[in-house]
Amino acid sequence: MNLREFIAQTRDRGWLVTVEDEADPNLEMARILNAHDGQPVLFTRVKNWPYPIVAGVCSDRAYFALALGVPPERLLFALAEAVAHPVSPPLVDTAPCQEVIEPKVDLTALPILHHLPGDAGPYVTAGVLVIKDPNHGRNVAFHRLLRLDEHHFAVRLVEGRGTDTAWRKVQGDLEVAICLGAPIQVLIAAATSPPKGVDELSIAHALAPMPLVKCRTGDLEVPTECEFVLEGRLTHQMVAEGPFIDLTETWDIVRQQPVIEIDCITHRRQPIYQALLPGKLEHKLLMGLPREPTIYAAVNEVCDCRNVCLTAGGMYWLHAVVQIAKRHPDDGRRAIEAAFRGHTSLKHVVVVDEDVDLFDPAAVEWAIATRFQAGRGLMVLENQPSSSLDPSATHVPGQKARTSKLGLDATIPWIAPDGHLRSEEERAAFRRVEYES
Ligand SMILES: Cc1cc2nc3c(=O)[nH]c(=O)nc-3n(C[C@H](O)[C@H](O)[C@H](O)COP(=O)(O)O)c2cc1C
């Protein structure tokens, strides 16, 4: 689903917040977006810019579900299927994203949001970068972009990720296309880290069909229905990047990062600029959603996994609820261990039975209250590899951070305190009594 269809559909459902008073991309819009975190927001009058700005597109599972045409609880399965069976998109000759080719590159004319007074400057936050790795082919990923001047951005490349490894391999410049306002399936695909050589645009096309078009200046292809495409080169010139708010809602530090030089800007007629509030729900959800299938796959290797949910309080990154169909007294413990293998940044996990709604925090807490005993259902793993994002982990420069991990087996305990295996009838006594509807 492209951005315009998404705006129309969310408006029809009454989900879209429309801001009709003039709003300023310089500090004001971020404040408004923060007040509406979790909702799509359309700014129809933008200071010093003639077209609308949309944000919050990815800030709830319901929006992905709408865009992909699947129920929210089935998103994991749709994504897993697309990653397992990517489909190469067709290439076409003409595209909406090339309706207008700007005669002159001027990044200062774009309505790039300055989010917080402490930021290094205005940042593009919903930009999806397309590059080609000399060995592995196309890579597509989000990277935040600090606007430096009319032609240049500083780009944050996390070490070891696809764009970074490709950039380190080439001596000269690496061609790059920055897609702004990309179709929703591209946004979710760009947030996945599939095995090397698997193309994220083919994952996007498997999620929902969308053709590609060749860039005007380089040997790259981009989705035809982007609002803007900024074509350029990732250079080896380094510059200070940051400070900027991180996923944890704490400040990320200043680092020397590469400069991107933009050579050509194309866009749709009356283009819609897409913003994304960094650190908040859509940043977190986009990061986390692609990890749910990897946790699911790992847990499914050891028992019957039914679903996985990374939770908002754990930044959709550090905390998960795993739902299993328990068939063995030990399945809860096995599921905990497997979940940590499926997402190495995971820190705390709760395992629940099939009858517990894993998307409802109160239901999960109820399972902990009525089925969990710390003496037998708690698993603590000391000194484990950790997410670099956890401020409470042990951080040593140049080394992977370390943390303690915690798993709670909140499934119905099959072994009774006296050691006997509970009968099916005894286990049924743990189920919630439901009122008739
Ligand atoms: C909103 C958002 C912003 C992100 N910003 C950055 C960034 O600035 N730098 C970076 O290296 N990764 C960033 N990421 C993470 C990558 O886009 C993501 O991990 C991607 O899966 C990397 O895949 P790759 O290893 O295939 O390149 C961001 C992700 C999201 C969802």
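These are my notes on one helix and on the ligand site.

**Entry 1, the model.** I am working from a predicted model.

**Entry 2, helix α2.** I looked up which residues of α2, residues 28–35, are buried, and found M29, A30 and L33. I then checked how they sit around the helix axis. They span an arc of only 100°, which places them on the same side of α2. I turned to the other side of α2, where R31 and A35 are exposed. I also asked what covers the buried residues of α2; the cover includes strands β2 (41–43) and β3 (53–55).

**Entry 3, residues around the ligand.** I noted that the ligand is surrounded by 20 residues. I list the closest as F142, R144, R156, V158 and T192. I sorted the shell by class and got 9 nonpolar, 7 polar and 4 charged residues.

**Entry 4, polar contacts of the ligand.** I went through the contacts to ligand oxygen atoms. For N139, a polar side-chain atom is 3.0 Å from an oxygen atom of the ligand. For T192, which is also among the closest residues, a backbone N or O atom lies 2.9 Å from a ligand oxygen atom. For S193, I found an N or O atom of the side chain at 3.1 Å from an oxygen atom of the ligand.

**Entry 5, cover of the ligand.** I looked up how much of the ligand the protein covers: 92% of the 640 Å² of accessible area that the ligand has on its own. I then noted the elements that give two or more residues to the shell around the ligand, and these are β8 (137–142), α5 (162–169) and α8 (281–288).

Definitions and conventions. Residues are numbered from 1 along each chain as its sequence is written. This is a predicted model: local features need pLDDT of at least 70, side-chain atom pairs count only at pLDDT 80 or more; totals for chains, interfaces and linings use all residues. Side-chain values use heavy atoms; hydrogens and water are left out. Buried means under 20% relative accessible area, exposed over 50%, partly exposed in between (1.4 Å probe, protein chains only). Helices (H or I, at least four residues) and strands (E, at least two) are DSSP runs, numbered from the N terminus. The arc is that of the directions from the helix axis to the C-beta atoms. Contact means heavy atoms within 4.5 Å. A residue is near a molecule or strand if one of its heavy atoms lies within 4 Å of it. A polar contact is a pair of N or O atoms within 3.5 Å; within protein, one must be able to donate a hydrogen and the other to accept it, and residues adjacent in sequence count only if both atoms are side-chain atoms. Accessible areas come from the Shrake-Rupley method with a 1.4 Å probe; for residues, only the protein chains shown count as cover. Ala, Val, Leu, Ile, Met, Phe, Trp, Tyr, Cys and Pro count as nonpolar, Asp, Glu, Lys and Arg as charged, and the others, Gly among them, as polar.
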